[in-house]
Amino acid sequence: MEKFSGIDLHSNNAVVVVSDETDQVVYEQRHANDLAGILAALEPYRSELVGVVVESTYNWYWLVDG
């Protein structure tokens, strides 16, 4: 089943959400702004993820580059 992720990026933390194609949230957690931690949170869904979006007003470069 396809999954999608949305990341709401703040100045010092990010809320990571993964939902399935029926819009059911399968994961939602606040994380420190640490690329390794965010990637680890997404890893169990990696093979099914078809898209990741980042909502941010600034400070998004490190996450998108990662």
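Select F4 and then G51, which lies in β4, and you will find the two standing opposite each other; strands here are DSSP runs of E with at least two residues, helices are runs of H or I with at least four, and both are numbered from the N terminus. What you have open is a predicted model, in which local features need pLDDT of at least 70 and side-chain atom pairs count only at pLDDT 80 or more, while totals for chains, interfaces and linings use all residues. Residues are numbered from 1 along each chain as its sequence is written, and side-chain values use heavy atoms, with hydrogens and water left out.

**The sheet**

Now show β1 together with β4: the two run parallel and are joined by six bridges, where strands count as paired if DSSP finds at least two bridges between them. Strands of a sheet pair through backbone hydrogen bonds, either parallel or antiparallel. Widen the selection to the four strands, and you will see an open sheet in the order β3-β2-β1-β4 with mixed pairing. Its edge strands are β3 (25-32) and β4, each of which pairs on one side only. Neighbouring strands of this sheet are turned by 15° against each other on average, direction ignored; such angles are taken between axes, which are lines fitted to C-alpha atoms (for helices over the stretch in contact), and run from 0 to 180 degrees between N-to-C directions.

**The helix and the core**

Add α1 next, which lies across β1, β2, β3 and β4 and runs at about 170° to β3. Then select I7, L9, A14, V16, V18, Y27, I38, A41, L42, Y45 and L63, the eleven residues of the largest nonpolar core, meaning a set of buried Ala, Val, Leu, Ile, Met, Phe, Trp, Tyr and Cys residues joined through side-chain atoms within 4.5 Å. At least two residues of this core come from each of β1, β2 and α1. If you centre the view on V16, its contacts (heavy atoms within 4.5 Å), not counting residues up to four places away in sequence, include I7, Y27, I38 and L42.

**N13 in strand β2**

Move along to N13, which is in strand β2 (residues 13-20) and counts as buried because its relative accessibility is 15%; buried means under 20% relative accessible area, exposed over 50%, and partly exposed in between, with a 1.4 Å probe and protein chains only. The side chain of N13 makes a polar contact with the side chain of N12 at 2.9 Å and another with the side chain of R30 at 2.7 Å. A polar contact is a pair of N or O atoms within 3.5 Å; within protein, one must be able to donate a hydrogen and the other to accept it, and residues adjacent in sequence count only if both atoms are side-chain atoms.

**Two salt bridges**

The whole structure holds two salt bridges, each a side-chain nitrogen of Lys or Arg within 4 Å of a carboxyl oxygen of Asp or Glu. Select E48 and K3 for one of them, at 3.4 Å from N to O. E48 lies in the loop between α1 (35-42) and β4 (49-55) and K3 in strand β1, so this pair ties together parts that are 45 residues apart in sequence. E48 is partly exposed at 27%, whereas K3 is buried at 10%. Select R46 and E43 for the salt bridge at 3.7 Å.

**Ending at M1**

Finish at M1, in the segment before β1 (3-9), which is exposed at 55% relative accessibility and touches D20, E21 and E48, leaving aside residues up to four places away in sequence.
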